[in-house]
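Work through these exercises with the model open beside you. Try each task before reading its solution.

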Amino acid sequence: MGVFDPIIELSKGLGETLRSFLTEKTVTYQYPEEKRPVRPRFRGRHVLKRYDNGLEKCIGCSLCAAACPADAIFVEASENTDDKRFSPGERYASTYEINMLRCIYCGFCEDACPTEAIVLGDNYELSFTSREQAIYGKDMLLEPVASENMLTPRKVEVGIYTRSVPEMQDPRD
Ligand code: SF4
Ligand code: SF4
């Protein structure tokens, strides 16, 4: 190796950097101001969905917890009344927790849910500094409402929300 070889190699490297700087499009995202779009099938932080009228889709059936291979979900159900209604049907989830340290984002909970209540969204901003903070409760998971009169629980007309699992479109249609 000649004495000038390292300088030549270094110049080649710097030349390549200069070329890409001048001719190629910038691919760096200025996170957190600018967020990288996720793929259509990306599975991120869970969201507990509501119906358009604000009632919670979750009926506390625990099928998501049963399907979870990481034992990350804990659900406790309680009874709805028309004076204090959270969701359609008999029961709602009075406790719903996901341990994000255990979750492997497989999506089995989403697949198992009969009301499409639990959904893995596109939010990838998960950070915590203790084990306790890694347990996301219902207050963190539940979708926000558009207005105050859509909040749950609320008083509803007697006997109109008796069916807990809505009619769903046949996927073969
Ligand atoms: S995504 Fe998978 S591991 Fe995470 S809570 Fe759902 S079923 Fe469990
Ligand atoms: S999220 Fe779905 S599967 Fe889980 S308890 Fe609620 S209704 Fe049942």
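**Exercise 1. Find what share of the contacts in the protein between residues at least 6 apart in sequence join residues at least 24 apart.**

Solution. This is a predicted model. Take the contacts in the protein between residues at least 6 apart in sequence. Then pick out the pairs at least 24 apart. They make up 74%.

**Exercise 2. List the elements of the protein in order from the N terminus, then judge its overall spread by the globule rule.**

Solution. Begin with the inventory: four helices and five strands. Their order from the N terminus is α-β-α-β-β-α-β-β-α. Next, take the radius of gyration, 24 Å. For 173 residues the globule rule gives 16 Å. The value for the protein is well over that, so the protein is more spread out than a compact globule. Now turn to the box that the C-alpha atoms fill, taken along the principal axes: roughly 90 × 35 × 30 Å. Finish with burial: 19% of the 173 residues count as buried.

**Exercise 3. Trace the strand pairings that involve strand 3, and follow I98 through its bridges.**

Solution. Start with strand 2, residues 73–79, and strand 3, residues 91–99. These two pair over seven bridges, in the antiparallel sense. Within this pairing, I73 has I98 in strand 3 as its bridge partner. Go on to strand 5, residues 135–136. Two bridges link strand 5 with strand 3, and the two run antiparallel. Here I98 has Y136 in strand 5 as its bridge partner. I98 is thus bridged to I73 and to Y136.

**Exercise 4. Describe the surroundings of ligand 1 and ligand 2 by nearest residues and by class.**

Solution. Take ligand 1 to begin with. Around ligand 1 are 14 residues. Those that come nearest are C68, C103, C106, F108 and C109. Sort the shell by class: 13 residues are nonpolar, one is polar and none is charged.

Repeat for ligand 2. Around ligand 2 there are 14 residues. C58, C61, C64, C113 and I118 come nearest. Its shell has eleven nonpolar and three polar residues, with no charged ones. Mind the classes here: cysteine counts as nonpolar.

**Exercise 5. Locate the cis peptide bonds at P32 and P153.**

Solution. Look at Y31 and P32. A cis peptide bond joins them, with omega about 10°. P32 sits in the loop between helix 1 (5–23) and strand 1 (46–48). Now move to T152 and P153. The bond from T152 to P153 is also cis, and omega is near 0°. P153 belongs to the segment after helix 4 (138–141).

**Exercise 6. Place S62 and D71, give phi for each, and decide whether they are buried, partly exposed or exposed.**

Solution. S62 lies in the loop between strand 1 and helix 2 (63–67). Its phi is near 70°, a positive value in a residue other than glycine. Count the C-beta neighbours of S62 inside 10 Å: 17. Buried needs 20 or more, and exposed needs 12 or fewer. S62 therefore counts as partly exposed.

D71 lies in the loop between helix 2 and strand 2. Phi of D71 is near 55°, again positive in a residue other than glycine. D71 has 10 C-beta neighbours inside 10 Å, so D71 counts as exposed.

Notes:
Residues numbered from 1 in each chain as written. Chains lettered and ligands numbered in written order. Predicted model: local features only at pLDDT ≥ 70, side-chain atom pairs only at ≥ 80, totals over all residues. Near = placed C-beta within 6 Å. Rg over C-alpha atoms; globule rule 2.2 N^0.38 Å. Contact = placed C-beta atoms within 7 Å. Pairing = 2+ DSSP bridges.
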